[in-house]
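Please open the structure in your viewer and keep the sequence beside it. This tour moves from one selection to the next and says what is there.

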Amino acid sequence: MRITVITAFPALVEDYLNTSVLGRARERGDLEASVVDLRDFAAGDYRQVDDYAYGGGGMVLMPGPLGAALDHVGGDAALVAAPSPQGVRLHQGLVESLAREGHLVLLCGHYEGIDERVTERYVDLEFSLGDVVLTGGELPAMVLADAVARLMPGVVGRREAVEEDSFYSGFLDHPHYTRPAEWRGRQVPGVLRSGDHQAIDRWRTEQRRTRTLERRPDLLAVTGIGEHLSSRVYLALGDGFVDRRRGDGFPDVRRLCALYGVERLCLVEPSGREGLPAAGKGVDLEGIKVCKQAGRLLQWVERREKARPFVLRPGVSGGLHWLEAKRRALEADRPLVFWFGDDDRIGGTAVDLCPLQGRDAAEYAVAVALDRFLGCR
């Protein structure tokens, strides 16, 4: 893709694009970014691009120069984005969507902004850095250009560096350290100097999880927690669900487990009724774990994971909101078991999760619960 910035202050933007990582990427040809001087499209000796607002107020960028500049850069064939306090707040998901565009034009307002007729005619997206008003759109435009550019192949040397950043996986980044190992009495954590890469990966995962919970728990609303858990996830179906589905092999549930990285589908046979075909106590059937009692199933998970499982029981009236349940599951950092069933044999070990609202919600409860907790970014 290519990025074009239209501004009345081109030197400000050019200096930034020619500096550090972006500057080197432009030199190598990995980043195609250009800056267009809005005054080149203004009439008169003074190259005027702004005028007083109708009805009183400050200065507003005029539609004539703006329209001419947008026509010159092919604005109709590009995605035109303009910084604005009234725009959608910029976030990583939006940045990644914009990075897939062929041509991104950033239109920088100034003073009171740009003539509304230009916005109506050309602008596809208004975006904001937050609930703050700036003098002009150059700073937000450079922020967006930087965020988009670093997702392009070759701009950042190591692709892993991009994928490990804050927000890319939905969580905040872990702490970073460099030499010296001791500075003003503060030591670099020993695990980072151990050479044990598995231990380092575990430490970084724990730090990402802890920092996100402490500083930005709101991020849990838009990301899955599966890759941030130290232990595996299990899906257990009990009375009611097993009764309705006995004998069909649970093909759709199996596919859900594979899709969301669930370690094992587990069944607890209906008590006092005919069991599953060929099912027996503690027997694996084609990759499905079958037990006679919920308690024995949890014991099996605990022996396998060497930790007491954290059980979520979706669909319970008065239960936790799913966002709070995600937070508690992360804090517990134990094997996670989703329990679906009409019975209550899990007892006091389960954390109740509020039911879905809507017609026939129970038929889709498994899929929705797995997606909310384990869905990919």
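How many nonpolar, polar and charged residues does the lining of the second largest pocket have? Before selecting anything, note that this is a predicted model, in which local features need pLDDT of at least 70 and side-chain atom pairs count only at pLDDT 80 or more, while totals for chains, interfaces and linings use all residues. Residues are numbered from 1 along each chain as its sequence is written, and side-chain values use heavy atoms, with hydrogens and water left out.

**The sheet**

Select the open sheet of 5 strands, whose order is β2-β1-β6-β5-β7, with parallel pairing (strands are DSSP runs of E of at least two residues, helices are runs of H or I of at least four, both numbered from the N terminus; two strands pair if DSSP finds at least two bridges between them). At its edges are β2 (32-37) and β7, each of which pairs on one side only, and from one strand to the next the twist averages 30°. Then select β1 (residues 2-7), which is joined to β2 by 6 bridges in the parallel sense, and find Thr4, which stands opposite Ser34 in β2.

**Helices on the sheet**

Add α3 (residues 63-72), which packs on the sheet and touches β1, β5 and β6 (103-107) (contact means heavy atoms within 4.5 Å). The direction of α3 makes about 165° with that of β6 (angles run from 0 to 180 degrees between N-to-C directions, and axes are lines fitted to C-alpha atoms, for helices over the stretch in contact). Show α1 as well, which lies across β1 and β2 and runs at about 165° to β2.

**Two helices together**

Keep α1 (residues 10-17) and add α2 (residues 20-28): their axes come within 7 Å and cross at roughly 85°. That crossing makes α1 roughly perpendicular to α2 (a term for angles of 65 to 115 degrees). Show the side chains of Glu14, Tyr16 and Leu17 in α1, which meet Leu22, Gly23 and Arg26 in α2.

**The pocket**

Finally, select Pro83, Ser84, Pro85, Glu112 and Gly113, which lie nearest the centre of the second largest pocket, lined by 27 residues (on a 1 Å grid over the protein atoms alone, a pocket is an open set of points where a 1.4 Å probe fits, with protein on both sides within 12 Å along at least five of seven lines, and lining residues have an atom within 4 Å of a point). β5 (79-89), α5 (116-122) and β7 (125-128) each supply at least two residues of this lining, and β5 gives the most, with 5 residues. To answer the opening question, the lining has 13 nonpolar, 11 polar and 3 charged residues (Ala, Val, Leu, Ile, Met, Phe, Trp, Tyr, Cys and Pro count as nonpolar, Asp, Glu, Lys and Arg as charged, and the others, Gly among them, as polar).

Terms used. Parallel < 35°, antiparallel > 145°, perpendicular 65-115°, else oblique.
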